[in-house]
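Here are some remarks on the model you sent, set out as numbered points. Please read them with the structure open beside you.

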Amino acid sequence: MRKRHVLAAAAVAALAALSTTPAQAAEYSSALKIAGVQYDAPGTDSNSCAKGNTKQEYVTIKNYSKTATVDLKGYVVRDATGNRFTFTRRHLLQPGDLIKLRGGRGTDSDAGNVVYRNNCNFIWNNDKDTINLLKPSGAKADVHAYTKKGNDKDGNGYVTFHG
């Protein structure tokens with residue numbers, strides 16, 4: 001009888017610990033993670049395709065697996081207001097590899113680990129935003145919120161996640 005009470009108490013304590021974990025701290029079951037974001041492109045913001053600086057705004061996605069290659073096709077990057085980019089073509093990330101998803105127009109390159117959104121509008125807010133990385137199934141792969149005051153201590157417009 002005593003064992004049941006001890007086991008029940010342990011189960012209740014475990015559930016209580018899970019319910020107090022902040023959403024930001026949740027680890028999702030994905031090898032792909034958001035490694036960082038250049039949310040405030042250097043210079044004066046201009047979304048002109050010809051002379052703007054949207055190419056300087058990017059999110060870095062890294063394959064943290066030690067063994068698995070991951071195909072980005074079907075993955076979605078989305079901000080808090082629903083602006084989104086879907087990887088529509090195959091792009092293989094080897095273990096430890098990363099890719100920069102840049103604004104503006106350009107030529108995607110597996111060798112250069114870069115994909116362009118082919119959209120000259122900025123996606124990330126300069127004061128705060130939330131970055132969602134979604135699997136092709138729609139499940140969350142990774143989520144990070146940032147604020148300029150809270151996360152960008154050196155004020156360079158770049159925030160690092162996952163070390």
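**Notes on the pocket, the sheet and one alanine**

1. Two strands contribute to the lining of the largest pocket with at least two residues each, namely strand 5 (84-86) and strand 8 (114-116). Please keep in mind throughout that this is a predicted model.

2. The volume of the largest pocket comes to about 180 Å³. Its lining consists of 13 residues, and those closest to the centre of the pocket are Phe87, Thr88, Arg89, Asp108 and Val115. By residue class, the lining is made up of four nonpolar, five polar and four charged residues.

3. Strand 8 also belongs to an open sheet of five strands, which has the order 8-7-2-1-11 and mixed pairing. Strand 8 and strand 11 (158-160) are the edge strands of this sheet, each of them pairing on one side only. On average, and with direction ignored, neighbouring strands of the sheet are turned by 25° against each other.

4. Strand 1 (residues 32-38) runs antiparallel to strand 11, and the two are joined by three bridges. For a point of reference when looking at the edge strand, Val37 is placed opposite Val159 of strand 11.

5. Ala145 lies in strand 10, which covers residues 140-147. Is Ala145 buried or exposed? Neither word fits, because its relative accessible area is 32%, and partly exposed is the class between under 20% and over 50%. Although Ala145 and Ala80 are 65 residues apart along the chain, their C-alpha atoms are separated by 8.8 Å.

Key
Residues numbered from 1 in each chain as written. Predicted model: local features only at pLDDT ≥ 70, side-chain atom pairs only at ≥ 80, totals over all residues. Heavy atoms only, no water. 1 Å grid on protein atoms, 1.4 Å probe; cavity = no way out; pocket = protein on both sides within 12 Å on 5 of 7 lines; lining within 4 Å. Points joined across faces, edges and corners; volume = space filled by probe spheres on them. Helix = DSSP H or I, 4+ residues; strand = E, 2+ residues; numbered from the N terminus. Nonpolar A, V, L, I, M, F, W, Y, C, P; charged D, E, K, R; others polar. Buried < 20%, exposed > 50% of the residue type's maximum accessible area, 1.4 Å probe, protein only. Pairing = 2+ DSSP bridges. Axes fitted to C-alpha atoms, helices over the stretch in contact; angles between N-to-C directions.
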